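Welcome! Have a look at the structure below, then work through the exercises at your own pace.

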Amino acid sequence: MSIKIVGTGSTLPEKCVTNEDLTKLVDTSDEWIRERTGIGSRHVSTGETVDELAASACEKALADAGKSASEVELLLVATCSPECGIPGVACQVQSRLGASNAVAFDLNAACAGFLFALNTAWAYVEAGIYRNALIAGAEVLSKIVDWSDRGTCILFGDGAGAVYVEKCDRDGMLGFVQHADGSRGEVLRCDSRALKNPYADVSMKSPYVQMDGREVFAFAVRQVPAGIQEVLDKAGTEADDIDLFVLHQANYRIIEGIAKRLKQDISKFPVNLDRVGNMSSAAIPVLLDELNRAGRLKRGMKLVLSGFGAGLTWGACVLKW
Ligand code: UT7
């Protein structure tokens, strides 16, 4: 038994911020950002919240699948930038959608979050606990980015993507792998709250994203191809048999490095980071939705999805569309 994706959706905030716009905030240039990252613009919230974006993407995924919110049994939201500690974003989305029959909870594995949520849904369905799931990756990273740090503020964007999956007897997801290495967590970190109570007053490092970009880059180019090879072996297939590699959109040079290590043509690696930047857990489902709506995903195609980021976390899955 497996799961297949039968609907996709995505929503971006209205405001688009170009590299040129960022030159008014920090000492940078369009040329530097494009050359080092491949990013040209990104969408930034001017008030849209994570749950609002996630709910909108979920509504579109449900409509694409021809399903109603009341049919959803499991609702997962992957995010590392919720507005509230409690309630979880998934519960807020459940309320917005009226998905009253679903169990709803969040999952945080940073940029690998959507992939981990997809794999979690598969495990629940395979265990016979639920028959379908609505899974969103949603971020408003602009509130945890230091807009005076040119090393990070140029990279990130806001948005949400979602998929509706249901049980299938054959094909669908063919294999997945997930990894975490908490010992390297310091290379990409963002504190949330300081410990301040009548008995303690402990300051935190920073409420904004702190990143050692070179370390994250090296990790991605080394570990991600190894993870993809591992999942290909697990699914009994080869890189040459894969039609599209839908990767986390962090940096075009990372994607090129991964393609090179897998000895695959770069044309098999669709990108949208030039228009949306790095949207962490929203990156993969937004790209999937764009490909789906552009008619680039045909039934029977084999895809690899792979997410990687803070934690450190990384993982991949193989699926037949
Ligand atoms: O989802 C996972 C999250 N994160 C990532 O995937 C990030 C992975 N890492 C990267 O994408 C790259 O490391 C960056 C794009 C963040 C940086 O590119 P880099 O080629 O590693 O540059 P660098 O940090 O080594 O900096 C090179 C130079 C430095 O100047 P000096 O010391 O050589 O004079 C930086 O100060 O570029 C400077 N620099 C900039 N210059 C113009 C750093 N950021 C900027 C900027 N504009 N925005």
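The exercises below go from sheets to single residues and then to the ligand.

This is a predicted model, where local features need pLDDT of at least 70, side-chain atom pairs count only at pLDDT 80 or more, and totals for chains, interfaces and linings use all residues. Residues are numbered from 1 along each chain as its sequence is written, and side-chain values use heavy atoms, with hydrogens and water left out.

**Exercise 1. Work out the order of the open sheet of five strands, and find its edge strands.**

Step 1: Start with the vocabulary. Strands (E, at least two residues) and helices (H or I, at least four residues) are DSSP runs, numbered from the N terminus. Two strands pair if DSSP finds at least two bridges between them.

Step 2: Follow the pairing across the sheet. The order is E1-E7-E6-E4-E5, and the pairing is mixed.

Step 3: Look for strands that pair on one side only. These edge strands are E1 (2-11) and E5 (103-107). From one strand to the next, the twist averages 20°.

Step 4: Zoom in on one pair. Strand E4 (residues 74-78) pairs with E5 in the parallel sense, over five bridges. Here Leu 74 stands opposite Val 103 of E5.

Step 5: Add the helix. Helix H4 (residues 89-97) lies across E4, E5 and strand E6 (132-139), at about 125° to E4. Such angles run from 0 to 180 degrees between N-to-C directions, with axes fitted as lines to C-alpha atoms, for helices over the stretch in contact.

**Exercise 2. Decide whether Ser 81 is buried or exposed, and find its side-chain partner.**

Step 1: Locate the residue. Ser 81 lies in the loop between E4 and H4.

Step 2: Apply the cut-offs. Buried means under 20% relative accessible area, exposed over 50%, and partly exposed in between (1.4 Å probe, protein chains only). Ser 81 has 2% relative accessibility, so it counts as buried.

Step 3: List neighbours. Contact means heavy atoms within 4.5 Å. Beyond the residues within four places in sequence, Ser 81 is in contact with several residues, including Val 50, Ala 138 and Ile 144.

Step 4: Check for a polar contact (a pair of N or O atoms within 3.5 Å; within protein, one must be able to donate a hydrogen and the other to accept it, and residues adjacent in sequence count only if both atoms are side-chain atoms). The side chains of Ser 81 and Glu 139 are joined by one of 2.6 Å.

**Exercise 3. Find what the side chain of Asn 132 reaches.**

Step 1: Place Asn 132 in strand E6. With 6% relative accessibility, Asn 132 counts as buried.

Step 2: Follow the side chain. At 3.0 Å it reaches the backbone oxygen of Glu 71. The side chain of Asn 132 also makes a polar contact of 3.2 Å with the side chain of Tyr 164.

**Exercise 4. Describe the open sheet of four strands and the helix H9 that lies across E13 and E14.**

Step 1: Read the order, E8-E15-E14-E13, with mixed pairing. The edge strands are E8 (172-180) and E13 (244-247).

Step 2: Compare two pairings. Strands E14 (residues 302-309) and E15 (residues 313-320) are antiparallel, with eight bridges, whereas E13 and E14 run parallel and are joined by four bridges.

Step 3: Match residues across the bridges. Leu 303 has Leu 319 in E15 as its partner, Phe 308 stands opposite Trp 314 in E15, and Phe 245 stands opposite Val 304 in E14.

Step 4: Inspect the hairpin of E14 and E15. Three residues lie between the strands, and Gly 311 takes a positive phi near 145°.

Step 5: Place H9 (residues 283-293), which runs at about 140° to E13. Nine of the eleven residues of H9 are buried, so the helix is largely enclosed by the rest of the structure. E14 is mostly covered too, with seven of its eight residues buried.

**Exercise 5. Identify polar side-chain atoms around the ligand and say what share of the ligand the protein buries.**

Step 1: Take Thr 28, where a side-chain N or O atom is 2.7 Å from a nitrogen atom of the ligand.

Step 2: Turn to the oxygen atoms of the ligand. A polar side-chain atom of Arg 36 lies 2.8 Å from one, and for His 248 the distance from a side-chain N or O atom to a ligand oxygen is 2.9 Å.

Step 3: Finish with the area. The ligand alone exposes 950 Å², and the protein buries 74% of that. Accessible areas come from the Shrake-Rupley method with a 1.4 Å probe; for residues, only the protein chains shown count as cover.
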